[in-house]
Each structure stands twice: as C-alpha cells, then as structure tokens.
Amino acid sequence: MWRDLQVKSIRAAPGDGDHVPYPLKRKNYDDLSLPELLAPRLLILVLMPEDPAAWLQCSPNQLVLRHCAYWLSLAGAPATDNEWSVTVQVPRANLFTVEGLSGLMHRINEGGVP
C-alpha cells in the first residue's frame, strides 16, 4: 500500500484559505489520477516552517516533525492538457493525523474511495 503514496513538501503554506495550492509534475498527476486501482494512491503534502532548522528534531527516543501534513486523493481526476505541471488544491480539512489515517484505511478496506 505505501508504494502508492507520493510525499511532497512545501515551505509554509501559501495563503490561509481552505486549500493549499501545490504544483504537481504532470507525470505525478497522471500516476495519482489513475482510476480503478487495486490500492488507491494518495498525495501527502508536508508543510515545513520557513526555517529548516525548526522543522525536525531527532533523538534516540523520538522524531519530531513540526508543522503538519495534508492528504489528497486524485483517483479519477480529469485528464489534463498541461504539459509540465498541474496545480492541485489540497484541502486543509484532510489533515494527515493518526485518526485521519485510520479512518482513511477503514474506508479503503470497506471498498470506498478516500
């Protein structure tokens, strides 16, 4: 299942609306939008603080990532004529949390789409 995730990152989310715009390479868009796959593919967008030193803290007992991540399913998204990239809108409501991931996996297991 995890091979069907694409993890991307962006420094500080532009704007404060309901979505985070992200320019996705055309090939990645095409891969993520394939319909009727056995396992759904997801885009995980990690938002990083402006200062890279503030983003990650690591010790033998913990790994702390600051800020957050959001997910997006493009399954069945329309084809595009864009040659190089497609700007996708990642909903801020799709916060990538333990609870959110558990719910997502449950929906997929039940045959639903993310």
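**Exercises on a predicted model**

Ser33 is buried, its relative accessible area being 10%, where buried means under 20%, exposed means over 50%, and partly exposed covers what lies in between (1.4 Å probe, protein chains only). The structure is a predicted model, in which local features need pLDDT of at least 70 and side-chain atom pairs count only at pLDDT 80 or more, while totals for chains, interfaces and linings use all residues. Residues are numbered from 1 along each chain as its sequence is written, and side-chain values use heavy atoms, with hydrogens and water left out.

**Exercise 1.** Work out in which order the elements of the chain run from the N terminus on.

*Solution.* Begin with the counts: the chain has two helices and seven strands, these being DSSP runs numbered from the N terminus (H or I over at least four residues for a helix, E over at least two for a strand). Then follow the chain from its N terminus, and the elements appear as β-β-α-β-β-β-β-β-α. Finally, turn to contacts, meaning heavy atoms within 4.5 Å: among those between residues at least 6 apart in sequence, 68% join residues at least 24 apart.

**Exercise 2.** Describe the surroundings of Ser33, starting from where Ser33 lies.

*Solution.* First locate the residue, which lies in the loop between α1 and β3. Next look for its contacts: leaving out residues up to four places away in sequence, Ser33 touches Leu74, Ala75, Gly76 and Ala77. Last, the side chain of Ser33 reaches the backbone oxygen of Asp30 at 3.3 Å; a polar contact is a pair of N or O atoms within 3.5 Å, of which, within protein, one must be able to donate a hydrogen and the other to accept it, and residues adjacent in sequence count only if both atoms are side-chain atoms.

**Exercise 3.** Find the salt bridges of the structure and state which residues form them.

*Solution.* The criterion is a side-chain nitrogen of Lys or Arg within 4 Å of a carboxyl oxygen of Asp or Glu, and the structure holds two such bridges. One joins the side chains of Asp30 and Arg26, with N to O at 2.9 Å; because these residues are four apart in helix α1, they are separated by about one helical turn. Asp30 is partly exposed at 28% relative accessible area, and Arg26 is partly exposed at 25%. Lys27 forms a salt bridge with Asp31, the closest N and O atoms being 2.5 Å apart, and this pair too lies four residues apart in helix α1. Here Lys27 is exposed at 56%, whereas Asp31 is partly exposed at 22%.

**Exercise 4.** Identify residues that touch the most other members of the largest nonpolar core, and the elements that supply it.

*Solution.* A nonpolar core is a set of buried Ala, Val, Leu, Ile, Met, Phe, Trp, Tyr and Cys residues joined through side-chain atoms within 4.5 Å. The largest has 16 residues, of which Leu24, Tyr29, Leu43, Leu45, Leu74, Val88 and Val90 touch the most other members. Two or more residues come from each of β2 (19-25), α1 (26-32), β3 (42-48), β6 (68-73) and β7 (85-91). A second, separate core of nine residues includes Met48, Trp71, Leu101 and Ile108. To follow one member further, set aside its neighbours within four places in sequence: the contacts of Leu45 then include Ile10, Val20, Tyr22, Cys68 and Val90. In the chain as a whole, buried residues make up 31% of the 114 residues.
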